[in-house]
Amino acid sequence: VSKQVLEQVLRELQPLCSAEQQFIEKFFQLGQDALQELEVSVENMSSPVPLSSPSSSLMQEEPTTRLLSEIFGCLEPELRGFLDVCNKIHPFGCLQVLVTLNDSIFEMWGSSSALPSSFLNSILGNVLVLAKSSFNKCIGTLCKEIEEAKISSKMKGGILPSVTCFEEFVTFSEEVFRTARRRGELDKAHLRLADSVFSSINSLSSSNLKVNIDMVMMENFHHVHCFLCQKKIPCLEAKKREAKQRYSEHMEKYVIQYLGQPLEKLNHFFEGVKARVAQGVKEEEVSFHLAYSKQELRKVIEKYPGKEVRRALETLYRKIHKYLSPEENLLPVVWHSMEKELIRQYQEFEDLIQRCYAGSGIAMDFTMEDLLSYFNSITLSN
């Protein structure tokens, strides 16, 4: 409603001020020569201050503008007051005010009935500066709220309030600026807010949450990426790519951390084997080290019969299903990523056995095909 009222006020002001300006110039015969004569007369009637003095800026004003300023003296204060009301009616009322003023001035500059130097353009220019200031203040406050948002230590995951706040603003502002002639201020605001939202998500790394931090960061960066893909805002393309990269990084960390559980002791054993080889121990001599002997390897492998591996994967799937947010639908993606990672680990274990325990006849209790069937059956049964 305030936007419509402001548009109507501006539409009615333009012909009124233009007509008054034309009348004054015609009635007082304010041609170029007459303007100079009037300026001299005004100067003679005023205090003897040199025109070059900063305090004499009023003396150098165009006579038409000075007369219009007398006639419409209350116009700028009234417009400023109206803008204050608009800003109070809606939390983001300053956006609508900014768009309306920008478009109105843009149209006036392209109109033959209102020259760029006209009195009304000068007034609207002053009010536009105020509107931009209000807009920047609004964005600054919003950025601070996003960055300083408190996260409960009991949080169980899901989308952060700061991400939701960012989405709501972007959705609302894009609708307001949908037909705007200029959107430079909005693009700058979007970038500032995106930086704040990324900072808010990154701050989770130092939070004392009871849930897996990488899981929450993965979900929130994924959510931001999907949102920006949907909105297709050119100035946020780089942020969209960054969100995808961060989402992928945290999913990898999440997957690797949780995959340490199904084959944890095997992982530790072969990490030790790789460390010995990296230190210069020959591959065929690793088994002569007491902690990595063939007998120790068999003991570790015996702890992971096929049935136990499948049971551990089922437990893992239920745990992930419990904590991942259903609205993000990341369970299939994470589960497939875990499958790929576990297969990679299995292949690495097999390779190390072949290289460091060649001819020993040692093999894991389950095959690659078994592993694939475990994942497949768990997926189908859930």
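A polar contact is a pair of N or O atoms within 3.5 Å. Keep that cut-off at hand for the exercises below, which all use one predicted model.

**Exercise 1. Find the polar contact made by the side chain of Asp370, and describe the setting of this residue.**

Step 1: place the residue. Asp370 sits in helix α15, which covers residues 368–380.

Step 2: check the distance. A polar atom of the Asp370 side chain is 2.9 Å from the backbone nitrogen of Thr367. The cut-off is 3.5 Å, so the pair qualifies as a polar contact.

Step 3: look at the surface. Asp370 has a relative accessibility of 28%, and therefore counts as partly exposed, a class that lies between 20% and 50%.

Step 4: look across the chain. Lys307 is 63 residues away from Asp370 in sequence, yet their C-alpha atoms are 10.0 Å apart in space.

**Exercise 2. Get an overview of the chain: how many helices and strands does it have, and what share of its residues is buried?**

Step 1: count the elements. The chain has 15 helices and zero strands.

Step 2: turn to burial. Of its 382 residues, 43% count as buried.

Step 3: ask how far apart in sequence the partners are. Among contacts with a separation of 6 or more, 76% join residues 24 or more positions apart.

**Exercise 3. Work out how helix α6 packs against helix α7.**

Step 1: recall what to look for. Two packed helices are described by the angle between their axes and the distance between the axes.

Step 2: read off both values. Helix α6 (residues 119–147) and helix α7 (residues 161–176) meet at an angle of about 155 degrees, and their axes are 9 Å apart.

Step 3: classify the angle. Angles over 145 degrees count as roughly antiparallel, so α6 is roughly antiparallel to α7.

Step 4: name the residues. From α6 come Ile139, Leu142 and Ile146, and they meet Ser162, Cys165 and Phe169 of α7.

Step 5: sort them by type. The contact of α6 with α7 holds five nonpolar residues, one polar and no charged.

**Exercise 4. Explain why Cys94 and Cys138 do not form a disulfide.**

Step 1: recall the chemistry. A disulfide is a covalent bond between the sulfur atoms of two cysteines.

Step 2: compare the distance with the cut-off. The sulfur closest to that of Cys94 belongs to Cys138, at 3.8 Å. A disulfide needs the two sulfur atoms within 2.5 Å, so this pair is too far apart for a bond.

Step 3: give the total. The count of disulfides is zero.

Step 4: add the surroundings. Cys94 is buried at 4% relative accessibility, while Cys235 is partly exposed at 22%.

**Exercise 5. Describe Ser173 and its partners: is it buried or exposed?**

Step 1: locate it. Ser173 belongs to helix α7.

Step 2: judge its burial. Its relative accessible area is 0%, so Ser173 is buried.

Step 3: find its polar partner. The Ser173 side chain reaches the backbone oxygen of Val170 at 3.1 Å.

Step 4: list contacts beyond four places in sequence. Here Ser173 is in contact with Leu95, Leu186 and His190.

**Exercise 6. Say where Lys232 and Asn329 lie, and what phi each one has.**

Step 1: start with Lys232. This residue lies in the loop between α9 (213–231) and α10 (237–259). Its phi is near 55 degrees, a positive value in a residue other than glycine.

Step 2: go on to Asn329. The loop between α13 (306–323) and α14 (331–356) holds this residue. Asn329 is not a glycine either, but has a positive phi of about 55 degrees.

Step 3: check accessibility. Lys232 is exposed at 65%, and Asn329 is exposed at 55%.

**Exercise 7. Which residues does Val286 touch, leaving aside those up to four places away in sequence?**

Step 1: locate Val286. It is in the loop between α11 and α12 (294–302).

Step 2: judge its burial. With 0% relative accessibility, Val286 counts as buried.

Step 3: name the partners. Val286 touches Val273, Val277, Val281, Tyr292, Cys356 and Tyr357.

Step 4: add one distance. The C-alpha atoms of Val286 and Arg276 are 7.1 Å apart, and the two residues are 10 residues apart along the chain.

Key:
Residues are numbered from 1 along each chain as its sequence is written. This is a predicted model: local features need pLDDT of at least 70, side-chain atom pairs count only at pLDDT 80 or more; totals for chains, interfaces and linings use all residues. Side-chain values use heavy atoms; hydrogens and water are left out. Buried means under 20% relative accessible area, exposed over 50%, partly exposed in between (1.4 Å probe, protein chains only). Axes are lines fitted to C-alpha atoms, for helices over the stretch in contact, and angles run from 0 to 180 degrees between N-to-C directions. Helices (H or I, at least four residues) and strands (E, at least two) are DSSP runs, numbered from the N terminus. Angles under 35 degrees count as roughly parallel, over 145 as roughly antiparallel, 65 to 115 as roughly perpendicular and the rest as oblique. Contact means heavy atoms within 4.5 Å. Ala, Val, Leu, Ile, Met, Phe, Trp, Tyr, Cys and Pro count as nonpolar, Asp, Glu, Lys and Arg as charged, and the others, Gly among them, as polar. A polar contact is a pair of N or O atoms within 3.5 Å; within protein, one must be able to donate a hydrogen and the other to accept it, and residues adjacent in sequence count only if both atoms are side-chain atoms.
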